[in-house]
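Biologist: Please walk me through this structure. I will ask, you answer.

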Amino acid sequence: MTSWDAFYDETERQGPSLLLARAINLAGNLSVARQAVDLGCGAGKEAQQLMQSGWDVLAVDNEPEAITRTIANCSGGHAGMLTTCLSDFECLPALPRSNLIHAGLALPFCRPKSFKQLWNQVLHALEPGGVFVGHFFGPQHGWSTFTHLTFHSELDIRRMCEEMEVNLLRETQIMIQTPSGPLNWHRFDLITQKP
Ligand SMILES: C[S@@+](CC[C@H](N)C(=O)[O-])C[C@H]1O[C@@H](n2cnc3c(N)ncnc32)[C@H](O)[C@@H]1O
């Protein structure tokens, strides 16, 4: 059992990500497989969505259970190929040249002192025309006192994307109920493309 098991169970019951679908459309319809990376792949639902759309996927997570579930959920009959990497974001090996990098609810879990290096790896790995899609936690997030997590304001995100074209930057802030009480959920959804 990992602390993520309940989250993985929940995501395995969900349908495809609309945010990722939009990014896939932006990156272009595929006649041949192209390279994608899924950072913090969890149960592998988005890796599966990418492979069903014809992408080869490198799925990265630091939880062995995430890698096991991703391999199971991505087995059989998909157009793309899966490679996995068990690694912390904080010491990630070089990423392959990629046309799409997805990080769903994952990058906030990178330690703040390592975030800049991780983001630079993302930017460096993207091919011209390549798309990044993912989430960030905002400064009003209820977990913002947790010093091991990374939070970004809209201005921070725009600065991180200075050399990119921002296709979508959407802010949500809602109060959610968790087993330990109400939590302010402050999130940014980002889709950005390398010129
Ligand atoms: C909230 S889950 C999101 C999973 C998946 N992307 C989704 O949206 O369903 C965050 C994932 O990031 C992974 N993770 C958290 N911190 C990490 C780190 N420092 N390095 C690598 N993976 C990490 C967790 O194991 C977990 O699978």
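Modeller: One definition to begin. A residue is near a molecule if its C-beta atom, placed from the backbone, lies within 6 Å of that molecule. Keep in mind that this is a predicted model.

Biologist: How many residues surround the ligand?

Modeller: Apply that 6 Å cut-off to the ligand. The closest residues are G40, G42, N62, G104 and F109. The full count around the ligand is 20.

Biologist: Which helices each supply at least two residues of the shell around the ligand?

Modeller: Look at residues 5–12 and 45–52. Each of these helices gives the shell at least two residues. They are α1 and α3.

Biologist: How many residues of the shell are charged?

Modeller: Split the shell by residue class. Nine are nonpolar and five are polar. The charged ones number six.

Biologist: What is the order of the strands in the open sheet?

Modeller: The sheet has seven strands, and its pairing is mixed. Its edges are β3 (82–86) and β6 (165–178), each pairing on one side only. From one strand to the next, the twist averages 15 degrees. Read across, the order is β3-β2-β1-β4-β5-β7-β6.

Biologist: In β4, which residue is the bridge partner of V37?

Modeller: Start with the strands. β1 (residues 34–39) pairs with β4 (residues 98–103) in the parallel sense, over three bridges. V37 has its bridge partner in β4, and that residue is I101.

Biologist: Which strands does helix α5 touch?

Modeller: α5 covers residues 112–125 and packs on the sheet. Its direction makes about 150 degrees with that of β5. The strands touched are β1, β4 and β5.

Biologist: At what angle to β5 does helix α2 run?

Modeller: α2 spans residues 18–27. This helix lies across β4, β5 (126–137), β6 and β7 (181–193). Its angle to β5 is about 165 degrees.

Biologist: Which residue of β7 stands opposite R170?

Modeller: β6 and β7 form a hairpin, with two residues between them. They pair in the antiparallel sense over 13 bridges. Opposite R170 in β7 stands D189.

Biologist: Which residue of β7 stands opposite V133?

Modeller: β7 also pairs with β5. That pairing is antiparallel, over seven bridges. Facing V133 from β7 is I191.

Biologist: How far apart are the C-alpha centres of domain 1 and domain 2?

Modeller: Domain 1 runs 30–87 and domain 2 runs 110–195. Their C-alpha centres are separated by 21 Å.

Biologist: How far apart do the end C-alpha atoms of residues 37–130 lie?

Modeller: UniProt gives this span the feature "domain: Methyltransferase", in an unreviewed entry. The span is 34% helix and 28% strand. Its end C-alpha atoms lie apart by 11 Å.

Note on methods. Residues are numbered from 1 along each chain as its sequence is written. This is a predicted model: local features need pLDDT of at least 70, side-chain atom pairs count only at pLDDT 80 or more; totals for chains, interfaces and linings use all residues. Helices (H or I, at least four residues) and strands (E, at least two) are DSSP runs, numbered from the N terminus. Ala, Val, Leu, Ile, Met, Phe, Trp, Tyr, Cys and Pro count as nonpolar, Asp, Glu, Lys and Arg as charged, and the others, Gly among them, as polar. Two strands pair if DSSP finds at least two bridges between them. Axes are lines fitted to C-alpha atoms, for helices over the stretch in contact, and angles run from 0 to 180 degrees between N-to-C directions. Two residues are in contact if their C-beta atoms, placed from the backbone, lie within 7 Å. UniProt positions are given in the numbering used here, feature names are shortened, and annotations may be inferred rather than shown by experiment. Domain bounds come from an automatic or database domain assignment.
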